[in-house]
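User: I should like to go through the terms used for a structure and see what justifies each of them. Please set each value against its definition.

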Amino acid sequence: MTETTDSTLFGADDFFRRGNYAPVADELTEYDLPVQGAIPDEIEGWYLRNGPNPRQASAHWFTGDGMIHGVRIENGRAKWYRNRWVRTDSFISDFPVYNADGTRNLRSSVANTHIVNHAGKTLALVESSLPYEITNDLKTVGAYDFGGKLVDSMTAHPKICPATGELHFFGYGNIFAPHVTYHRADANGELTINRPLDVPALTMMHDFALTASRVVFMDLPIVFDLDIAMKGNGDMPYRWDDDYGARLGLLRRDDPFGEVRWFDIDPCYVFHVANAYDDGDSVVLQAVRYPELWRGTGGFEADGVLWRWTIDLAAGSVAERQLDDRAVEFPRIDDRLATLPARYTVAVGDGRLVRYDLNTGDGVEHAFGSADAPGGPGEAVFVPSSSGAGDESSGWYLGYVYDPTRDGSDLVIIDAADFAAPPVARIQLPQRVPYGFHGNWIAG
């Protein structure tokens, strides 16, 4: 079944409008997908991934309309593939994020960055707006504001504590202070905490971290630029600021309205955290670090590599260390070990996935395609085996991979116990899945 929308697909030569960055025009539903290899019987649920799929020309990859690509796996079969745009209020009738008085319309959203499931709700996220609830078969339900209690945007990178079931997140984007607010919902989805943070300007706070005892905020030197915003050309209205500085802020989880303790670090930028955890009197943060970004344009002139920060609470100091020199992004861990010292993170490199041992910094690669036509993997999500509680080698990594030889895409399943080996299964999809951002496995 094909549902075609009136889409004007652009022809400019920017990198995010060419090859597998280019959007697809059709929303499909296809059943009983062909499989090379065998899908493990234990894997049952939905793999859903979000990303930009613009209906018309946009000035930046980050601003395209959100589209979810999903595969339902059941009884060793790939039961269906679907892709759907998230039908936000502004998708249906376009209107700007900022009103004439500088306030935000939080229902204006491209909902294109992530998708998470908490307390029975599946939410499509972008950090400028409210989340939008969707069903697991990709129908848009509507904007979700926690029963009217959330009057703020929601980060695209909320954290779910595996011990308490709480959902931790923040919102940023207010031109006027407070620029950032920390929020927390309990395991039942009830919003219980809204706490402003004191940051000096509207910084682009894309991600943050959670340990068993603390919330870790990253106040980094990419800052709102009013002149760019006023041009209204769709470019990202944020630029590098040499004078802003960089710091990490720690807030005790058991004192959410207490002091945020700030620690200066070397200037850098971080889009994505791998993990964070408590280590005695220290907090350890592992993330992909850029030395700088967006100084003159909203492009990607620098590469990010994996780093580690160790915050010594007693000494009031931070030790910073690069773990590897490979360019990577989109690091993920076994989500059951969030807040704990997970051993592995898997990140996306050029034509390959890299599985890092976070204890040693060593990396094992899983390459796709050939040297002449490397495949294009997206973010890899860990699906645990039911028999391996807490064992990071007992399970599988799932993610979409672009095959340039046939201009198509597969959902690939890799055995975590033999990461470099060929995939145990490749599910062939009925159309190309453009490069996107983040997804999740929803067990069913």
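Analyst: The following exchange takes up burial, charge pairs, strand pairing and backbone angles in turn. The model is predicted, so local features need pLDDT of at least 70 and side-chain atom pairs count only at pLDDT 80 or more, while totals for chains, interfaces and linings use all residues. Residues are numbered from 1 along each chain as its sequence is written, and side-chain values use heavy atoms, with hydrogens and water left out.

User: Why is R77 called partly exposed?

Analyst: Buried means under 20% relative accessible area and exposed means over 50%, with partly exposed in between (1.4 Å probe, protein chains only). R77 has 38% relative accessibility and therefore counts as partly exposed. D32, at 49%, is likewise partly exposed.

User: What makes R77 and D32 a salt bridge?

Analyst: A salt bridge requires a side-chain nitrogen of Lys or Arg within 4 Å of a carboxyl oxygen of Asp or Glu. The closest N and O atoms of R77 and D32 are 2.3 Å apart, so the pair satisfies that definition. The pair links distant parts of the chain, 45 residues apart: R77 is in strand β6 (residues 77–85), and D32 is in the loop between β2 (26–31) and β3 (35–37). Helices (H or I, at least four residues) and strands (E, at least two) are DSSP runs, numbered from the N terminus.

User: How many salt bridges does a search of the whole structure find?

Analyst: The search finds 28. Among them is the one between E379 and R332, at 3.0 Å from N to O. This pair also links distant parts of the chain, with E379 in the loop between β29 (376–377) and β30 (381–384) and R332 in strand β25, 47 residues apart. Both E379 and R332 are buried.

User: Are the partners R426 and D410 buried or partly exposed?

Analyst: R426, at 22% relative accessibility, counts as partly exposed, whereas D410, at 5%, counts as buried. Their side chains meet in a salt bridge of 3.0 Å, N to O. R426 lies in strand β33 (residues 425–428) and D410 in strand β32 (residues 408–415), 16 residues apart. Elsewhere, E44, R72, E74 and K79 are joined into one network by salt bridges that share partners.

User: How do you know that E127 has no salt bridge?

Analyst: Lys and Arg count as positive and Asp and Glu as negative, while His and the chain ends are not counted. The nearest side chain of opposite charge to E127 is R104, 9.4 Å away, and E127 is buried without a salt bridge. E127 is located in the loop between β8 (121–125) and β9 (132–134).

User: What makes the pair E127 and Y172 a polar contact?

Analyst: A polar contact is a pair of N or O atoms within 3.5 Å; within protein, one must be able to donate a hydrogen and the other to accept it, and residues adjacent in sequence count only if both atoms are side-chain atoms. The side chains of E127 and Y172 make such a contact at 2.3 Å. Leaving aside residues up to four places away in sequence, E127 touches S153, M154, T155, A156, Y172, M204 and H206, where contact means heavy atoms within 4.5 Å.

User: Why are β25 and β28 said to stand at the edges of their sheet?

Analyst: Four strands form an open antiparallel sheet in the order β25-β26-β27-β28. β25 (329–332) and β28 (363–367) each have a single partner strand, so one side of each lacks a neighbour in the sheet.

User: What makes β26 and β27 a pair?

Analyst: Two strands pair if DSSP finds at least two bridges between them. Six bridges join β26 (residues 344–349) to β27 (residues 352–357), and these strands run antiparallel. T345 stands opposite Y356 in β27.

User: What makes the phi values of F146 and W294 worth noting?

Analyst: Most residues other than glycine have a negative phi, and most peptide bonds are trans. The phi of F146 is positive, near 55°, and that of W294 is also positive, near 60°. F146 is found in the loop between β10 (140–143) and β11 (159–160), and its 6% relative accessible area makes it buried. W294 lies in the loop between β22 (282–290) and β23 (305–312) and counts as buried at 0%.

User: Which residues are joined by a cis peptide bond?

Analyst: A177 and P178 are joined by a cis bond, with omega about 0°. P178 lies in the loop between β12 (167–172) and β13 (180–185).
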